[in-house]
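Work through the exercises below with the sequence and the structure at hand. Try each task before reading its solution.

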Amino acid sequence: MHALNISLVRDLPPFDGMEPNAIQDLLDQGTAQRCEKGTTIFREGEQAHSFFLLLDGHIQVVKINAEGEQMIARYISGGELYGIAKAIGRDTYPANAIAAVDCVSIIWPTRIWDQVITTHPAFATNSYATVGKRLAETQDQVMALAMNKVEQRVANALLRLANQTGKKTDEGILIDFPITRQDISEMTGTTLHTVSRLMSKWEEMGWVSSGRKKVVLVEGHKLVMVGSGHD
């Protein structure tokens with residue numbers, strides 16, 4: 001990791017408030033890892049051997065329920081920590097992590113976690129803030145699954161992805177990584193048929209445009225209305 005320029009990472013949230021020499025110390029203890037699209041980086045229940053910082057790409061976080069059904073819990077984007085099982089008091093990973101596209105990460109051995117958060121309190125604070133944010137998001141998702149109509153859940157899932165990865169184009173806001181209707185169904189706890197029906201309806205209305213693994217929000221404010229229950 002000596003070849004990694006601090007200027008490329010110093011503005012990322014995990015390093016907020018850290019001095020350059022402290023960042024360098026962390027980088028010196030990590031190694032670069034490249035993963036091709038579709039690679040399972042770690043599996044739910046596996047011993048948490050490492051923790052990671054995603055530099056480039058998108059990671060799909062997948063949970064498997066008791067019936068063996070797959071649900072996409074969230075997507076991790078560049079600049080975010082993942083696999084930080086120790087931060088939630090676990091020795092095993094709570095979900096599967098799959099490369100949604102080709103990815104580059106910094107990887108550290110979990111055995112240095114305690115030393116890292118003791119030596120670098122700002123990194124510890126930033127890590128636990130990430131955990132708190134994700135726990136709040138999970139609670140919101142659980143409430144949405146219990147209380148929101150399916151069209152609200154699908155609209156809000158698209159809006160979250162656009163907010164996280166959106167890229168402005170002439171057509172609208174492009175969700176800037178490959179996303180399928182099956183993925184959206186697994187994010188929202190509904191069926192592929194229902195997602196396809198809603199997406200087709202919104203395409204006919206000119207609110208979204210979609211192709212093979214591609215979704216563009218053309219009239220995003222319309223989806224905001226649907227997501228808030230005012231359709």
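The exercises concern a predicted model, and they go from sheets to helix contacts to aromatic rings.

**Exercise 1. Find the strand order of the open sheet that contains E9, E10, E11 and E12, and say which strands stand at the edges.**

Step 1. Begin with the pairing of E9 and E10, which run antiparallel and are joined by three bridges. Within this pairing, Lys167 has Leu174 in E10 as its bridge partner.

Step 2. Go on from strand E10 (residues 173-175) to strand E12 (residues 214-217): two bridges join them, again antiparallel. Here Ile173 stands opposite Leu217 in E12.

Step 3. Add strand E11 (residues 208-211), which pairs with E12 over four antiparallel bridges. Ser209 has Val216 in E12 as its bridge partner.

Step 4. Put together, the four strands form an open sheet in the order E9-E10-E12-E11. Strand E9 (166-168) and E11 each have a single partner strand, so they stand at the edges and one side of each has no neighbour in the sheet. On average, neighbouring strands of this sheet are turned by 25° against each other, direction ignored.

**Exercise 2. Describe the hairpin formed by E11 and E12: how many residues lie between the strands, and what is the phi of Lys213?**

Step 1. Two residues lie between E11 and E12.

Step 2. Lys213 is in the turn, and its phi is positive, about 55°.

**Exercise 3. Give the order of the open sheet that contains E1, E3, E6 and E8, and name its edge strands.**

Step 1. The order of the four strands is E1-E8-E3-E6, with antiparallel pairing.

Step 2. Strand E1 (31-35) and strand E6 (81-82) are the edge strands, each pairing on one side only.

Step 3. For the link to E6, look at strand E3 (residues 50-56): two bridges join E3 to E6, and the strands run antiparallel. Leu53 has Leu81 in E6 as its bridge partner.

**Exercise 4. Which residues of H5 and H6 meet, and how are the two helices oriented?**

Step 1. The axes of helix H5 (residues 181-188) and helix H6 (residues 192-204) come within 9 Å and cross at roughly 115°. H5 is therefore roughly perpendicular to H6.

Step 2. The crossing of H5 and H6 is right-handed.

Step 3. From H5, the residues in contact are Arg181, Gln182, Ile184, Ser185 and Thr188; from H6, they are Leu192, Val195, Ser196, Met199, Ser200 and Glu203. By class, this contact has four nonpolar, five polar and two charged residues.

**Exercise 5. Do the same for H4 and H6: at what angle do they pack, and which residues meet?**

Step 1. Helix H4 (residues 150-165) and H6 pack at about 70°, and their axes are 11 Å apart. H4 and H6 are therefore roughly perpendicular to each other.

Step 2. Val150, Glu151, Val154, Ala155 and Leu158 in H4 meet Thr194, Val195, Leu198, Met199 and Trp202 in H6.

Step 3. The residues of this contact divide into eight nonpolar, one polar and one charged.

**Exercise 6. How many aromatic pairs are there, and how is the pair of Phe15 and Phe123 arranged?**

Step 1. With ring centres within 6.5 Å as the cut-off, the count comes to 11 aromatic pairs.

Step 2. For Phe15 and Phe123, the centres are 6.3 Å apart and the planes are at 35°, a tilted pair.

Step 3. This pair links distant parts of the chain, 108 residues apart: Phe15 is in the segment before helix H1 (20-29), and Phe123 is in helix H3 (residues 121-147).

Methods. Residues numbered from 1 in each chain as written. Predicted model: local features only at pLDDT ≥ 70, side-chain atom pairs only at ≥ 80, totals over all residues. Heavy atoms only, no water. Axes fitted to C-alpha atoms, helices over the stretch in contact; angles between N-to-C directions. Parallel < 35°, antiparallel > 145°, perpendicular 65-115°, else oblique. Left-handed = near helix turned anticlockwise from the far one by under 90°. Contact = heavy atoms within 4.5 Å. Nonpolar A, V, L, I, M, F, W, Y, C, P; charged D, E, K, R; others polar. Pairing = 2+ DSSP bridges. Phe/Tyr/Trp six-rings, centres within 6.5 Å; stacked < 30°, edge-to-face > 60°.
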